[in-house]
Amino acid sequence: MSNAGLIAQVSTKQKVIAFTFDDGPNAAYTPQILDIFQQIGAKATFFTIGEQIEQHPDLLQEMFRQGHEIGNHTYTHPHLTELDEVDCRNEILRADKLITTILGLKPQVFRPPYFDINQEVYRLLSTEHYSAIGAVNTDSLDWEQPGVQHIVDTTKAAAQPGSILLFHDGYGDRSQTVEAVRQLVSDFTADGYKLVTVSKLLQHTSHYK
Ligand SMILES: [Zn+2]
């Protein structure tokens, strides 16, 4: 995965950071993530998949009700660059309309599955007023269950004020991610960081790649 051109970091000296979670809503793991953030009143961003939302619309509403940001992660999680323009547009807009219908608010942030993106996809996203979001800690490989300590250490090594961090609350066993996030949320907070949504982070000065 290249991450090229996606927003992974904003330029700020303030201790703000954005935790993001891909591939939910997930009935087993999303509620555990919500609990961690609710305990300290922090906010996260969830890049949700349309097919998952269809199964758990109430959970999506609860995530939003707790003040978290809901982002678009397509309808079926395809490699967007392998689709023609019509199918690519449908993947983005089907999820967009579903989220907008359930929450009454259009999502503003998008993460391409597998970070797979090209100029055509960027142009479509721009037309739909989306920011395309990456992450600085892709070495953590949390989706491959590399061990809690690996996820914690690689994330801390990559993170600085203004960073966007990637985790997964959907697909497969996410128990390592939950434990790593529990530690990271506690440690970053103790270090004086404020955990904010991606849209909030993007308001901090200009972003760079
Ligand atoms: Zn994904």
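Me: How many helices and strands are there in the protein chain?

Reply: Happy to start there: the protein chain has eight helices and nine strands, taken as DSSP runs numbered from the N terminus (helices are H or I with at least four residues, strands E with at least two). Do keep in mind that this is a predicted model, where local features need pLDDT of at least 70, side-chain atom pairs count only at pLDDT 80 or more, and totals for chains, interfaces and linings use all residues. Residues are numbered from 1 along each chain as its sequence is written, and side-chain values use heavy atoms, leaving out hydrogens and water.

Me: What makes the protein chain as compact as a globular protein of its length?

Reply: Its radius of gyration is 16 Å, close to the 17 Å from the globule rule for 209 residues, so the chain is as compact as a globular protein of that length. The radius is taken over C-alpha atoms, and the rule is 2.2 Å times the number of residues to the power 0.38.

Me: Why is His77 called buried or exposed?

Reply: His77 has 10% relative accessibility, so it counts as buried; the cut-offs are under 20% relative accessible area for buried, over 50% for exposed and partly exposed in between (1.4 Å probe, protein chains only). His77 sits in the loop between strand S4 (69–72) and H4, and has a positive phi of about 65° although it is not a glycine.

Me: And why is Gln145 called partly exposed?

Reply: Its relative accessible area is 35%, so Gln145 is partly exposed. Gln145 belongs to the loop between strand S6 (131–132) and H6, and its phi, near 50°, is positive in a residue other than glycine.

Me: How do you know that Glu91 has no salt bridge?

Reply: A salt bridge needs a side-chain nitrogen of Lys or Arg within 4 Å of a carboxyl oxygen of Asp or Glu. For Glu91, which is buried, the nearest side chain of opposite charge is Arg94, 6.3 Å away. Lys and Arg count as positive, Asp and Glu as negative, while His and the chain ends are not counted.

Me: What does the side chain of Glu91 reach?

Reply: The side chain of Glu91, a residue of helix H4 (residues 85–103), reaches the backbone nitrogen of Tyr75 at 2.9 Å.

Me: Why is Pro161 called partly exposed?

Reply: Pro161 has a relative accessible area of 21%, so it is partly exposed. Pro161 is in the loop between helix H6 (148–158) and strand S7 (164–168).

Terms used: A polar contact is a pair of N or O atoms within 3.5 Å; within protein, one must be able to donate a hydrogen and the other to accept it, and residues adjacent in sequence count only if both atoms are side-chain atoms.
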